[in-house]
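Please look over the chain shown here. The report below takes up selected places in the fold, one after another.

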Amino acid sequence: RDQDHVKAVSRHPTLPNDGQPHGFCTVTYSSSDRFEGHFTHGEKNGKGKFFFFDGSTLEGFYVDDALQGQGVYTYEDGGVLNGTYVDGELNGPAQESDGEGHLMFKGQYKDNNRCGECWVYYPVSQLTV
C-alpha cells in the first residue's frame with residue numbers, strides 16, 4: 001500500500017488519531033512521487049492528481065484508494081492518455097494523443113493492456129519531391 005512509503009504529508013486540515021492523511025492533502029512518497037487530493041483516513045477518496053518523479057501525471061477521481069471512472073495520464077513529453085479506470089486499472093475505452101495533440105491510439109483496455117478492436121494511428125511523414 002502507498003501508506004507504507006509515505007515520506008511527508010503537508011496541507012492536512014485534519015490528521016486524526018490514526019495519523020493518516022484526512023481531507024485535502026499533499027502526500028510525498030519515498031519514490032519522490034507526490035499526490036495532491038482528498039483523503040479519508042489515509043485512503044485517496046475524491047478528486048486527486050499524482051505527480052510522478054519522471055514528470056508525468058495521473059488525474060482523476062479516487063474511491064477507496066483506487067482510480068475510478070475517467071482518468072487522464074499525461075506523459076512527460078506532453079502526450080495524453082484519456083481512459084476509463086476500474087479499481088485503479090485501465091478497463092474500457094481509451095484514447096492516446098502525442099505531445100502535439102495528434103491521435104495515436106483509440107480502442108479498448110482490459111487490466112491495463114490494449115485488447116479487442118483497436119486503432120493505432122501513425123504520423124504521415126512529409127515527402128519531398
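## Asn91 and its surroundings

Asn91 lies in strand 8. This is a predicted model. The relative accessibility of Asn91 is 19%, so the residue counts as buried, given that buried means under 20%.

The side chain of Asn91 reaches out to a backbone atom. Its partner is the backbone nitrogen of Asp111, at 2.8 Å. Leaving aside residues up to four places away in sequence, Asn91 touches Thr84, Tyr85 and Val86. Under that same limit, Asn91 also touches Tyr109, Lys110 and Asp111.

## The turn at Asp111 and Asn112

Asp111 is found in the loop between strand 9 (103-110) and strand 10. Asn112 lies in that loop too, between strand 9 and strand 10. Strand 9 and strand 10 form a hairpin with two residues between the strands.

Which backbone angle stands out here? For Asp111, phi is positive at about 50 degrees, although the residue is not a glycine. For Asn112, also not a glycine, phi is positive at about 70 degrees. Asp111 has 41% relative accessibility and therefore counts as partly exposed. Asn112 has a relative accessible area of 38%, so Asn112 is partly exposed as well.

## Strands 8, 9 and 10

The chain has zero helices and 10 strands. Read along the sequence, every element in the pattern is a β: β-β-β-β-β-β-β-β-β-β.

Strand 8 covers residues 89-97 and pairs with strand 9 in the antiparallel sense, over six bridges. Ser97 stands opposite Leu103 of strand 9. The two strands, 8 and 9, form a hairpin with five residues between them. Gly101 sits in that turn, with a positive phi of about 90 degrees.

Strand 9 and strand 10 also run antiparallel, joined by five bridges. Tyr109 has Arg114, in strand 10, as its bridge partner. In a regular strand, side chains alternate between the two faces of the sheet.

## A nonpolar surface patch

Leu103, Trp119 and Tyr121 form a nonpolar patch on the surface. Together they have about 290 Å² of accessible area. Leu103 is the residue that stands opposite Ser97. Tyr121 is placed in the segment after strand 10 (113-120). With a relative accessible area of 33%, Tyr121 is partly exposed. Patch residues need over 30% relative accessible area.

## Salt bridges

How many salt bridges does the structure hold? It holds five. One of them joins Lys44 and Asp65, with the closest N and O atoms 3.2 Å apart. This pair links distant parts of the chain, 21 residues apart. Lys44 lies in strand 4, and Asp65 lies in the loop between strand 5 and strand 6 (66-74). Are these two residues buried or exposed? Both Lys44 and Asp65 are buried.

Lys47 forms a salt bridge with Glu59, and the closest N and O atoms are 3.9 Å apart. Lys47 is in strand 4 and Glu59 is in strand 5, so this pair ties together parts 12 residues apart in sequence. Lys47 is exposed, at a relative accessible area of 53%. Glu59 counts as partly exposed, at 29% relative accessibility. The side chains of Lys49 and Glu59 meet in a salt bridge as well, at 4.0 Å from N to O. Lys49 lies in strand 4 and Glu59 in strand 5, so here the parts tied together are 10 residues apart in sequence. Lys49 is partly exposed, with a relative accessible area of 24%. Salt bridges with shared partners join Lys47, Lys49 and Glu59 into one network.

## Phe53 in its loop

Phe53 is found in the loop between strand 4 (43-51) and strand 5 (57-63). At 65% relative accessibility, Phe53 counts as exposed. Which residues does Phe53 touch, not counting residues up to four places away in sequence? They are Ser31, Ser32 and Asp33. Phe53 and Arg34 are 19 residues apart in sequence, and their C-alpha atoms are 8.0 Å apart in space.

## The chain as a whole

The chain has 129 residues, and buried residues make up 30% of them. The chain exposes about 8,000 Å². Carbon and sulfur atoms supply 52% of that area. Among contacts with a separation of 6 or more, 6% are between residues 24 or more positions apart.

Technical notes. Residues are numbered from 1 along each chain as its sequence is written. This is a predicted model: local features need pLDDT of at least 70, side-chain atom pairs count only at pLDDT 80 or more; totals for chains, interfaces and linings use all residues. Side-chain values use heavy atoms; hydrogens and water are left out. Helices (H or I, at least four residues) and strands (E, at least two) are DSSP runs, numbered from the N terminus. Buried means under 20% relative accessible area, exposed over 50%, partly exposed in between (1.4 Å probe, protein chains only). Contact means heavy atoms within 4.5 Å. Accessible areas come from the Shrake-Rupley method with a 1.4 Å probe; for residues, only the protein chains shown count as cover. Patches are made of residues with over 30% relative accessible area and no salt bridge: like charges are joined within 9 Å, nonpolar side chains (Val, Leu, Ile, Met, Phe, Trp, Tyr) within 5 Å. Two strands pair if DSSP finds at least two bridges between them. A polar contact is a pair of N or O atoms within 3.5 Å; within protein, one must be able to donate a hydrogen and the other to accept it, and residues adjacent in sequence count only if both atoms are side-chain atoms.
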